[in-house]
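Please look over the sequence and the model shown here before reading on. The report afterwards goes through some parts of the structure, one at a time.

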Amino acid sequence: MRAMTYDRYGDDDELRMTDRPVPKVGPGEVRIRVTRAAVNPVDWKVMSGGLDGLMDATFPAIPGWDVAGVVDAIGPDTPEFTPGDRVASYARKQVVSGGTFAEYVTVMADDVAAVPDGVGDDVAAALPLTGLTALRVLETLAVTKGDTLPVHAASGGVGHLASQLAVAAGATVVGTASPANHDKLSSIGVTPVAYGDGLQERLRDVAPDGFDAVADLVGGVLDVSLDVLREGGRIASIADPTVEEHGGRWVWVRPDGERLSQLLEEVAAGRLEVEIDRSLPLEQVAEAFALSRSGSANGKIVIEVTAGS
C-alpha cells in the first residue's frame with residue numbers, strides 16, 4: 001500500500017511516500033480502506049519527537065490519527081462491522097507506527113463509528129480528534145444548562161465544536177478569538193471577546209459575577225482563567241497540565257467509537273458544524289503540516305487518500 005512515512009524524528013523533510021505492507025487484521029480489529037484522513041497539530045508534534053516521553057515509536061512510522069473510509073476486513077470476534085461499512089475513527093494507538101496517512105489502517109472495533117448517511121468522508125475524517133476532545137472537555141467540566149463559561153480559542157478546531165456543544169447544552173458561552181472570527185462565533189450563539197492584553201477586564205465586563213467553568217483550549221491563560229472563575233468553579237485544559245495544581249483537570253482525549261457515533265449523529269442532524277479549510281492529496285502531507293503549523297488554516301485540513309463519498 002502507499003503510505004506517507006518518516007524514518008526518524010524530525011521536520012517535514014523527513015516525510016516520504018513509500019510502499020508498506022497492508023496491515024494484518026487481529027482479533028477485535030477492523031481494517032479500514034482509507035478514503036480521507038485529517039491533519040491535527042499533534043501529528044507534526046509527534047513526528048518532531050514531542051511526545052517521545054509518553055509514547056514509544058517504531059520506524060518507519062506512518063503519521064495520522066483521524067480517519068474515514070470503508071471497512072475492508074474484520075478480525076475474529078468483530079460482529080459490530082461488515083466489509084463495505086462506511087466508518088470513521090480517532091485511530092490513535094499506544095505506539096507511534098501505523099497511522100492513517102496510508103491506504104489502509106487497522107483500528108480496534110471499540111474505537112470505530114459508523115458514518116451516517118448524509119455525512120461526507122471529508123467531514124467524517126475531520127471530526128474525530130477535535131470532536132472527541134471538545135466533548136471530553138465539556139464532560140469533564142460537567143457543563144449543564146445555566147452554566148456560564150469562557151472557551152479560550154473558541155474559533156479553533158476544538159473550540160468551534162466545544163462552543164457549539166456547550167450552547168446546545170444550554171450554557172452561556174463567551175469565546176475568546178481574534179476580531180476576524182467574531183462573526184463566526186456570534187453565528188453559533190457565542191459572545192465573542194478579543195484575546196490579548198486586557199482580556200480579564202473584557203471577560204469581567206461580560207460576566208461581572210464570574211464564570212462557573214473555564215475551557216482552556218490554547219494554554220498560557222491560567223492567570224486570566226483563575227481570576228474570572230467563581231469560587232468553587234471548574235477548569236479544564238487540553239494545553240496546560242498546571243491546572244491540576246489549582247484543582248482543575250488536564251484533559252487527554254481517548255479513542256471512543258460510541259461517543260464518536262453520537263457526534264456524527266449530531267452532524268447528520270445538522271446540529272453540529274465541522275469546518276473544513278481544504279483537501280490535499282496524500283502526496284502533499286508535508287505541505288499540509290506546514291499549513292497547520294502556520295496557524296492560517298480556517299478549519300481542518302483533510303488528506304484525500306482514495307476516492308470516496
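The sections below describe the sheets, the nonpolar cores and one buried charged residue of this predicted model.

## A parallel sheet

One open sheet is built from 6 strands, which follow the order E12-E11-E10-E13-E14-E15 and pair in parallel fashion. Its edges are formed by strand E12 (191-194) and by E15, each of which pairs on one side only.

Within this sheet, strand E10 (residues 148-152) is joined in the parallel sense to strand E11 (residues 172-177) through 4 bridges. At one position of this pairing, Pro 150 stands opposite Val 174, which belongs to E11.

## Strand E3 and its partners

Strand E3 spans residues 29-39 and is mostly covered, since 10 of its 11 residues are buried. Strand E3 is joined by 8 bridges to strand E5 (residues 66-74), and the two run antiparallel; here Arg 33 is found opposite Val 70 of E5.

Strand E8 (residues 104-108) also runs antiparallel to E3, with 5 bridges between them, and in E8 Val 107 is the bridge partner of Val 30. A further antiparallel pairing, of 4 bridges, links E3 to strand E17 (residues 300-304), where Ala 38 has Val 302 as its bridge partner. As a general point, the side chains of a regular strand alternate between the two faces of the sheet.

## The nonpolar cores

The largest nonpolar core holds 86 residues, and the members that touch the most others are Phe 101, Leu 127, Leu 149, Leu 264 and Ile 303. Helix H3 (residues 128-141) supplies the largest share of this core, namely 7 residues. Another core, of 8 residues, lies apart from it, and its members include Val 174, Leu 199, Leu 203 and Val 228.

Ile 303 deserves a separate look. If residues up to four places away in sequence are not counted, Ile 303 touches a group that includes Thr 35, Arg 36, Ala 37, Ala 38 and Val 39, and also Phe 101, Leu 280 and Pro 281.

## A buried aspartate

Where in the chain does Asp 240 have its place? Asp 240 is in the loop between strand E14 (229-237) and strand E15 (249-250). Although Asp 240 is buried, it has no salt bridge, and the nearest side chain of opposite charge, that of Lys 45, is 13 Å away.

The side chain of Asp 240 does, however, make a polar contact with the side chain of Thr 242, at 2.5 Å. Leaving aside neighbours within four places in sequence, Asp 240 is in contact with Asp 216, Gly 219, Leu 222 and Trp 250.

Conventions: Residues numbered from 1 in each chain as written. Predicted model: local features only at pLDDT ≥ 70, side-chain atom pairs only at ≥ 80, totals over all residues. Heavy atoms only, no water. Core = buried A, V, L, I, M, F, W, Y, C linked by side-chain atoms within 4.5 Å. Buried < 20%, exposed > 50% of the residue type's maximum accessible area, 1.4 Å probe, protein only. Contact = heavy atoms within 4.5 Å. Lys, Arg positive; Asp, Glu negative; His and termini not counted. Salt bridge = Lys/Arg side-chain N within 4 Å of Asp/Glu carboxyl O. Polar contact = N/O pair within 3.5 Å; in protein donor to acceptor, adjacent residues only side chain to side chain. Pairing = 2+ DSSP bridges.
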